[in-house]
Amino acid sequence: MITSKNIVVGVSGGIAAYKACTLTSKLTQKGANVKVVMTENATKFVSPLTFQALSRNPVYTDTFDEKDPAKIAHIDVADWADIVILAPATANLIGKLANGIADDMLTTLLLATQAEVYIAPAMNVHMYAHPAVIQNMQTLEEWGYHFIEPGDGYLACGYVGKGRLEEPASIIEAVEAHQTDEKHLFLQGKQVLISAGPTREKIDPVRFFTNHSSGKMGFALAEAAAEAGASVTLVTGPTSLAAKHPNIQTIHITTADEMYQEMHKHLASSDIVIKAAAVADYRPAVTYEHKMKKQDGPLQIKMERTKDILKSLGEQKSGQFLVGFAAETEKPFENGHKKLKSKHLDAIVINNIASKGAGFAKDTNEVTYINKYGKTEHLALATKQEIARQIVKLIHQDMEDPEQ
Ligand code: CTP
């Protein structure tokens, strides 16, 4: 469940910080991508270099130590994370988070992240029982943070009692168990068909027409649907991406016509169809068998229409929830609404590709989701992974209760 997940291990300043080394190592061995963020006090117990070697990633300790001028580290890492594990979480860290204090890299990241946060406290038995700590933990629990209870036993301060950081293997078990929990698997048993990337329309053996699509949005949707428990068939044009989740079956195509065939082949067995691909609307009327030789003067290539795959899926669907994308540079809502209607969609994701941070080949996106009853959700600028998760949740909500 945590293989290929992006995990931030947040380490605060307690003696149990040494156990965070084992945790980092075990998570990395399980195939997770781990980035460690330490408070300044944590660096007094364990050197950042230890975590760097174990995670094979840079360690973050200082909000103002920007490693890449193109990025703001605490936001970038906060957006990157799927899961955050705070181990050990001291009384101080818990107190700061519960009161919205963001005075270092770790606490700032915690306020910025949308990821699921697991807190593994470790402290002296009396500190753990202090009303302030109890109240702070209750507040965090109410806000949706998940606690991994400390164990009973010998504490470094000499006391025996509750407050010992849970063992790294048990922390991972608890996170995995929670991640596979039913509420995460809201698409379990569902077949999802997704198209991604560009298509290529050949002129001759060396040349083709295509577009700027990178496939990132379609692949992110496939991962998000698979994470939600669905079996995913991903029909993709040529991209440099590879799907990671084991529940994604990838079918590689090149032309719009091949995409048409594959999408129709899998339509009947699907519950949800998402058409994120940027399909060529035209292809050369003739494909030459041999390389075209250049001639004097200009060249004209006659183009013919490809089939509108989404429209034909809309016409032939029998109960599938059909979602299209609309790539628009002007009048996005007007054009998006028209496509929603004319292609018989259940929902459309309008992508204003002229807006900064959104559209082709970018890592982020900003979209508007509209269902056929007019429910409109604006999804603010976020990574394509995060946008994909939100889209998948909206599709699920609409399938449960479309008019809500
Ligand atoms: N689409 C498709 N087959 C095509 C063209 C587009 O299935 N031949 C799908 C895309 O995958 C997308 C939706 O239709 O989900 C809208 O694509 P877009 O390029 O925004 O619009 P078009 O329908 O091509 O209309 P226009 O080019 O006029 O904007």
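Lys331 has a relative accessibility of 55%, so Lys331 counts as exposed. The structure described here is a predicted model, and Lys331 sits in its loop between strand S16 (321–328) and helix H12 (332–342). The phi angle of Lys331 is near 40 degrees, a positive value in a residue other than glycine.

Most residues other than glycine have a negative phi, and most peptide bonds are trans. Against that background, a few places in the chain can be picked out. Ser4 is one of them: its phi is near 65 degrees, again positive in a residue that is not glycine. Ser4 lies in the segment before S1. With a relative accessibility of 25%, Ser4 counts as partly exposed, because the partly exposed class runs between the 20% limit for buried and the 50% limit for exposed. A positive phi, near 70 degrees, also belongs to Gly100, which follows helix H4. As for peptide bonds, the one from Ala87 to Pro88 is cis, with omega near -5 degrees. Pro88 is placed in strand S3.

**The protein as a whole**

The protein contains 13 helices and 19 strands. Its C-alpha trace spans about 85 × 50 × 35 Å along the principal axes. Of its 404 residues, 50% are buried. The accessible surface amounts to about 19,700 Å², and carbon and sulfur atoms account for 50% of that surface. Among contacts between residues at least 6 apart in sequence, 65% join residues at least 24 apart.

**Lys5 and Gln179**

Lys5 is in the segment before strand S1 (6–11). What is the nearest side chain of opposite charge to Lys5, and how far away is it? That side chain is Glu227, at 4.5 Å. A salt bridge needs a side-chain nitrogen of Lys or Arg within 4 Å of a carboxyl oxygen of Asp or Glu. Lys5 has no salt bridge, although Lys5 is buried.

Lys5 does have a polar partner: its side chain and that of Gln179 are joined by a polar contact of 3.3 Å. Setting aside residues up to four places away in sequence, Lys5 touches Ala32, Asn33, Asp82, Ile83, Gln179 and Glu227.

Gln179 is part of helix H8 (residues 168–179). Its relative accessibility is 6%, so Gln179 counts as buried. Apart from neighbours within four places in sequence, Gln179 is in contact with Met1, Lys5, Ile83, Glu116, Tyr118 and His184. Ile83 therefore appears in the contact lists of both Lys5 and Gln179, because each of them has contact atoms within 4.5 Å of Ile83.

**Helix H4**

Helix H4 (residues 91–98) is mostly covered, with seven of its eight residues buried. The buried ones are Ala91, Leu93, Ile94, Gly95, Lys96, Leu97 and Ala98. Which elements help to cover the buried residues of H4? Among them are three strands, S3 (83–89), S4 (116–121) and S5 (146–147). Helices H5 (105–112), H6 (125–129) and H7 (131–142) are also included in this cover.

**Pro284**

Pro284 belongs to strand S14 (residues 282–284). At 3% relative accessibility, Pro284 is classed as buried, because a value under 20% meets that description. Although Pro284 and Lys302 are 18 residues apart along the chain, their C-alpha atoms are separated by 5.9 Å. Lys302 is also among the residues that Pro284 touches, when residues up to four places away in sequence are not counted. The others on that list are Glu201, Lys202, Ile203, Phe209, Ile301, Met303 and Glu304.

**The ligand**

There are 16 residues around the ligand, and those that come nearest are Lys275, Ala277, Leu310, Phe325 and Lys343. The table gives distances from polar protein atoms to oxygen atoms of the ligand.

| Residue | Protein atom | Distance to a ligand oxygen atom |
|---|---|---|
| Lys275 | backbone N or O atom | 2.7 Å |
| Leu310 | polar backbone atom | 2.8 Å |
| Asp281 | polar side-chain atom | 3.1 Å |

On its own the ligand has 570 Å² of accessible area, and the protein covers 76% of this area.

Technical notes: Residues are numbered from 1 along each chain as its sequence is written. This is a predicted model: local features need pLDDT of at least 70, side-chain atom pairs count only at pLDDT 80 or more; totals for chains, interfaces and linings use all residues. Side-chain values use heavy atoms; hydrogens and water are left out. Helices (H or I, at least four residues) and strands (E, at least two) are DSSP runs, numbered from the N terminus. Buried means under 20% relative accessible area, exposed over 50%, partly exposed in between (1.4 Å probe, protein chains only). Lys and Arg count as positive and Asp and Glu as negative; His and the chain ends are not counted. A polar contact is a pair of N or O atoms within 3.5 Å; within protein, one must be able to donate a hydrogen and the other to accept it, and residues adjacent in sequence count only if both atoms are side-chain atoms. A residue is near a molecule or strand if one of its heavy atoms lies within 4 Å of it. Accessible areas come from the Shrake-Rupley method with a 1.4 Å probe; for residues, only the protein chains shown count as cover.
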